[in-house]
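Q: Could you take me through the metal and ligand site in this model, close up, and then show me what else is worth a look around the rest of the chain? I'd like the contacts spelled out.

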Amino acid sequence: MADLEKSLDDAGLTNSSVREYVLHWAQFLDAERIEVVSAVDDARLLRESLDAGEIDPAGEGLYYSRSYSKDTARSEERTIVATSRPQDEGVYNNWKHTDEIRPVVEGHMKGAMAGKTMYVIPYLMSPPGSPLERFAAGVEITDNRTVCLHMIRMARVGIDLINDLDEPDMFVRAVHVTGDLPTLGQGTPEDKRYFVTVADERTILHFGSSYGGNALLGKIAHGLRQAAYDGWASGEFLGEQFMLLGVTDKETGEKHHICGGFPSASGKTNLAMTLAPDALGERYHVEFYGDDIAWLWVGEDGHLYGMNPENGVFGVAKDTNERTNPTALDAVAEDTHALFTNVAYNEKTHEVWWEGRTPAPPADLDGWRDWKGELVAERGADEADAPWAHPNSRFTTTLANVPNVAADFEKPEGVRIDAIIFGGRTRDREPLVRAITDLAEGVYDGLTLGAEATAAAEGVEGKLRYDPMSMRPFMSYPEGAYAAHWLKIVGAATHQPLFAHVNWFQRDPEDGHFRWPGYRENLRALLWIIARTKGEVTGRQTPVGILPLEEELDLTGLDISREDLDTILTVDVDRWREEMRFREDHLNQFHDLPEEIWAAHRRVAAALEQEASVTA
Ligand code: OXD
Ligand code: MN
């Protein structure tokens, strides 16, 4: 114990609440030694990890790691929000009473760091000086050095960030134990993994994974689940799985900011990092703030503000290429110190590759290993078509590496939010863009966000898998209260943001082609949204919101057919009426949904019926 305390002295850790927490867990976990980590330790930790074979070189200043093959993604079933308040149980938060679950997860953790180093990672999930800084401090404990490397990229990490907290005890206690991965029964009835956020105690206890989404506790567990709960409990803010970007009109010098939520596989990271299409590049500059999390609050001037609490990007590698996301490729170029996880790796040339990086995999198989570590050249016939990279393989890099990162991305006061957008992957019905000026209708639209079920097994064709505000896996308190909190926070803004719904994924049922070219061209829809916030365009009112008139969209240099354009600027009333019935069932699951939300639902439904009777 004296030795452990001495390591905290040597590291200069003076916050006595943090020391007490660290020493408690060091004893409980039976850690052999403690190492307190700051971002300045990165180069040394990289060297040690390379020497220990935990990571491999992947080119100049780039690194690669492969995780255990059954530990490559988040597990929603094993993720639990615990509190001591039964009224915190919602539909999606997998709530358990703390007294029931804490002993179980702690039972797995006890003594688990015997003979090991316990790394202590003091971090901040905000730029220093943010108005939400008191909710941003945390200290992760982990037995995994690679987790330290990721945390240094994804959060602001350093002892100084927590030594001088205004409230020394106000930090998230985040404990991560990897566990003996091959013995945890992942996905079986004997599954021993537990990913628990004890939200009313601001304590995170994750056991049984080294995958980023489960192991980098600053990101999802703190940045989303805990933050959403804190934002609600304090009544001060929203913590959302949102991207955040800025668009500057170089002609007028005006800049606008848009944030928004997209269910997974709906192009959120690509949109967040987008550049203007060539035809509009002279006039518009798009700046990146964040691809995954935004915290939102109302500033003293009555505007809604937003900031990205993260310091990095933990992006999905699959399909990232020069066309879909050139800025992401630049952000993981040589000397960015990016880390790749579970992509394919060439042990001779140290190159990495993933599906969609190039149209075909490398022709010369020599040296290539797939995400499981197996030599591609030695694959049997039955595996010949198996992906080389895991579909959830990732790159981890800092925001500062993204070439179009906004100059003010670390500005503590955040940026004014002009519009909040939602968008899923929907093959029909959902137009290119529709704006919503009413707050309750905007919140209703977010609550009924969804994406098409990707596999038949996941649902009925054409029926969405609802993912309210893209927060389904991160909900930490009941959905009715969540909706009420949204109405309260955004309702307090004297300058209301515009809501909008976008869809880049309508297809022609005949030949399956996408009706909208997507990617950089998506800026055209965002420009219309911005013009609508300024009252420069009126659009036309439909039952489901305001759609652009064709002449209001800047289509300069865009190749799109008349039929496709007409279709994506039209409301398919019959398909919408069908959708409304599914929505009703979806909303009926939630307790205490505010009456304003039901009223919004009824208004949209009545307007659709009216439209149907007019056109019948
Ligand atoms: C996620 C992520 O799992 O951002 O949503 O990693
Ligand atoms: Mn995410």
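A: A quick definition to start: a residue is near a molecule if one of its heavy atoms lies within 4 Å of it. Keep in mind too that this is a predicted model.

With that cut-off, the residues around ligand 1 are Arg74, Lys219, Ile220, Gln241, Asp292, Phe314, Arg394 and Phe474. Three of these come with a polar contact to go with the closeness. Arginine 74 puts a polar side-chain atom 2.7 Å from an oxygen atom of ligand 1. For aspartate 292, the distance from a polar side-chain atom to a ligand 1 oxygen is 2.8 Å, and for glutamine 241 the matching figure is 2.9 Å.

Two of those names turn up again at the metal. Ligand 2 is a manganese ion, and it is coordinated by Gln241 through OE1 and by Asp292 through OD, at 2.1 to 2.2 Å. Along the chain, this pair links distant parts: the two residues are 51 apart. Glutamine 241 sits in the loop between β12 (238-240) and β13 (243-249), while aspartate 292 sits in the loop between β15 (284-290) and β16 (294-298). So what is the site made of? Gln241 and Asp292 are listed around ligand 1, and Gln241 and Asp292 also hold the manganese ion.

Are these two metal-binding residues buried or exposed? Anything under 20% relative accessible area counts as buried. Glutamine 241 has 12%, so it is buried. Aspartate 292 has 9%, so it is buried as well.

Now for the empty space. Rolling a probe the size of a water molecule over the atoms shows where such space is left. The structure holds 4 cavities of 30 Å³ or more. The largest cavity has about 90 Å³ of space in it. It is lined by 13 residues, and Tyr289, Met307, Asn308, Asp408 and Phe409 are the closest to its centre. Sorted by class, that lining has 7 nonpolar, 3 polar and 3 charged residues.

Then there are the open pockets. The second largest pocket has a volume of about 340 Å³. Its lining runs to 19 residues, with Arg66, Ser67, Asn144, Thr146 and Ser210 nearest the centre. By class, the lining of this pocket has 9 polar, 5 nonpolar and 5 charged residues.

Which helix gives the largest share of that lining? Helix α5 (residues 145-154) does, with 3 residues. This helix is mostly covered, with 10 of its 10 residues buried. The buried set includes Arg145, His150 and Arg153, along with Val147, Cys148 and Leu149. At the start of α5, a side-chain oxygen of asparagine 144 comes to within 3.0 Å of the backbone nitrogen of threonine 146. Both Asn144 and Thr146 are among the residues nearest the centre of the second largest pocket, and Thr146 is also one of the buried residues of α5.

A few single residues deserve a stop too. Asparagine 93 is in the loop between β4 (79-83) and β5 (95-97), and it is buried, with a relative accessible area of 2%. Its side chain pairs with backbone atoms on two residues. One polar atom of that side chain lies 2.9 Å from the backbone nitrogen of glycine 90, and a polar atom of the side chain lies 3.3 Å from the backbone oxygen of serine 476.

Threonine 197 belongs to strand β10 (residues 194-198) and counts as buried at 1% relative accessibility. Its C-alpha atom is separated by 6.4 Å from that of isoleucine 80, although the two residues are 117 apart along the chain.

Last, the backbone angles. Most residues other than glycine have a negative phi. Asparagine 342 isn't a glycine, yet its phi is positive, about 65 degrees. It lies in the loop between β19 (339-341) and β20 (344-346) and is buried at 2% relative accessibility. Serine 470 isn't a glycine either, and has a positive phi of about 60 degrees. This serine lies in the loop between β28 (464-466) and α12 (479-491), and at 0% relative accessibility it counts as buried.

Terms used. Residues numbered from 1 in each chain as written. Chains lettered and ligands numbered in written order. Predicted model: local features only at pLDDT ≥ 70, side-chain atom pairs only at ≥ 80, totals over all residues. Heavy atoms only, no water. Donors = N, O, S within 2.8 Å, 3.2 Å for Na, K, Ca; no water. Helix = DSSP H or I, 4+ residues; strand = E, 2+ residues; numbered from the N terminus. Buried < 20%, exposed > 50% of the residue type's maximum accessible area, 1.4 Å probe, protein only. 1 Å grid on protein atoms, 1.4 Å probe; cavity = no way out; pocket = protein on both sides within 12 Å on 5 of 7 lines; lining within 4 Å. Points joined across faces, edges and corners; volume = space filled by probe spheres on them. Nonpolar A, V, L, I, M, F, W, Y, C, P; charged D, E, K, R; others polar. Polar contact = N/O pair within 3.5 Å; in protein donor to acceptor, adjacent residues only side chain to side chain.
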